[in-house]
Amino acid sequence: MSKPIKTCVLGVGLGGLVFHVPFVLILPQYFTLHAVMERNPASPNRGKAHEKFDGKGSINMSNVKIHRTLDAVVSDPEVELVVVTTPNETHYSLAKAALQAGKHVLVDKPVTATSQEAKELGALAKSKGLVLYGFQNRRWDSDFLALRRLLSLPASSPQSLGEIHEFESQTLTLFAASYDRYRTDVKGTWKDEPKPSNGLVYDLGAHLIDQALALFGRPEKVTAFISNMRGVGSPEVDDNFTIFFHYPVRSGGSHPLTVILRAAILSARAPQLRYVVRGTKGTFLKYGLDVQEDQIKAMDSPEGIINQPGYGKEPESIWGEVQNFKGEDIVSTTWPTEEAGCYVELWKNLGEAIRNGKEQAVKWEESAAVIEMIELSHQSSKEGRTVPVPKA
């Protein structure tokens, strides 16, 4: 890297303070936290990010500015990268304004409310030669890395699942193909308001769908069941979904593939089921969640992301299980989660893409495809039918 990228983070909620500001602070070879946009800071020079991180370990926030408006951000000539981590319905307008001002942009999920908006932002970034990056950090969850390693085994491996014909992903809090978090009421935040791109499909579904597309590509058809199961809050804000992606028989294969993505608020189980993957030679079963979010929340200093022993390491108690056919018997073996979760790799790739033109690990077209699948899922559920997926 040449010089660090001067960065402004828009938003100081959970996303900003857990998934964005900490990583900008711990990667000084890539980024400098130049500013934070906070509408109502405690004082002109000290806001929530300062209170949370200043003086923790070797972190010094004294030179970090507070911008109270978007105009102040886009008119600041020193800002090179804008991180959008604000309420969902604002993502498109904020990202567009930043791109028009010549800034690189990282957008939290869901990147936009519509696929047309996502395509428009992509075209704008391309026309200006700017990096536009979707924050699909759950590709760097430890359990997803373990799953990808399993699916890459050669057919000759005794733990190979063979040809995959069914993939089901479920989970608690953020991510998998099923995120279930038991709650009978609404929290009263902006996420419970009937606004564009709110609801569980846009929230957790954006991660689940991204993982499925990263593994298997675009499906042929989509069938979805989306509802407000609890019957509280606005009926327009969904809190439960089951989405089926239908794939045809692949080249060289013999079986079609069905991907099942689930999330629900009313799911009383611990640990939550994460993955069930069925193939012609075996089945993979996995419980539990990636530990990074909880670890970051508990850290005294975000520097622990870099230097804390065990960061991102999944406990052996929730390692996966592989069951394979061996003659007429079924043999069970443990599938260890060897790689630690590493959201930091997304940030390193972002820095390299901006400074050195490195290929993006998360391409904008992939994030736009996630929004397209969300739109098709809502269409399927509303119309009560399976809908075809247009060719890319």
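Start by selecting helix α1, residues 14-26, in this predicted model. Helix α1 lies across five strands: β1, β2 (31-37), β4, β5 (104-108) and β6. Turn the view until you can follow α1 and β2 together, and you will find the helix running at about 145 degrees to that strand.

**The sheet under the helix**

Now hide α1 for a moment and colour the strands. In what order do the six strands of the open sheet stand? Reading across, you meet β3-β2-β1-β4-β5-β6, and the pairing is parallel. Look at the two edges next: β3 (65-67) and β6 (132-135) each have a single partner strand, so one side of each is left without a neighbour in the sheet. On average, neighbouring strands here are turned by 25 degrees against each other, direction ignored.

Zoom in on one pair, β1 (residues 5-10) and β4 (residues 81-84). Four bridges link β1 and β4 in the parallel sense. Click on L10, and you will see V84 of β4 standing opposite.

**A stop at a proline**

From the sheet, move to P110, in the loop between β5 and α5. Is the peptide bond joining K109 and P110 cis or trans? The bond is cis, with omega at about -10 degrees. For background, most peptide bonds are trans.

**Two domains**

Zoom out and give each domain its own colour. The domain assignment splits the chain into domain 1 (5-135) and domain 2, which is made of 138-341 + 372-388. Their centres, taken over C-alpha atoms, are 28 Å apart. To show where the domains touch, you would select 21 residues from domain 1 and 23 residues from domain 2.

**The pocket between them**

Where does the second largest pocket lie? Domain 1 and domain 2 both give residues to its lining, so this pocket lies between them. Its volume is about 550 Å³.

To find the pocket, select W364, E365, E366, A368 and A369, which lie nearest its centre among the 25 lining residues. Then show the helices α5 (115-128), α7 (200-216) and α11 (364-383), each of which supplies at least two residues of the lining. Which of the helices gives the most? That is α11, with seven residues.

Finally, colour the lining by residue type: you should see 13 nonpolar, three polar and nine charged residues.

Terms used:
Residues are numbered from 1 along each chain as its sequence is written. This is a predicted model: local features need pLDDT of at least 70, side-chain atom pairs count only at pLDDT 80 or more; totals for chains, interfaces and linings use all residues. Side-chain values use heavy atoms; hydrogens and water are left out. On a 1 Å grid over the protein atoms alone, a cavity is a set of points where a 1.4 Å probe fits but cannot get out, and a pocket is an open set with protein on both sides within 12 Å along at least five of seven lines; lining residues have an atom within 4 Å of a point. Grid points are joined across faces, edges and corners, and a volume is the space filled by probe spheres set on the points. Ala, Val, Leu, Ile, Met, Phe, Trp, Tyr, Cys and Pro count as nonpolar, Asp, Glu, Lys and Arg as charged, and the others, Gly among them, as polar. Domain bounds come from an automatic or database domain assignment. Two strands pair if DSSP finds at least two bridges between them. Axes are lines fitted to C-alpha atoms, for helices over the stretch in contact, and angles run from 0 to 180 degrees between N-to-C directions. Contact means heavy atoms within 4.5 Å.
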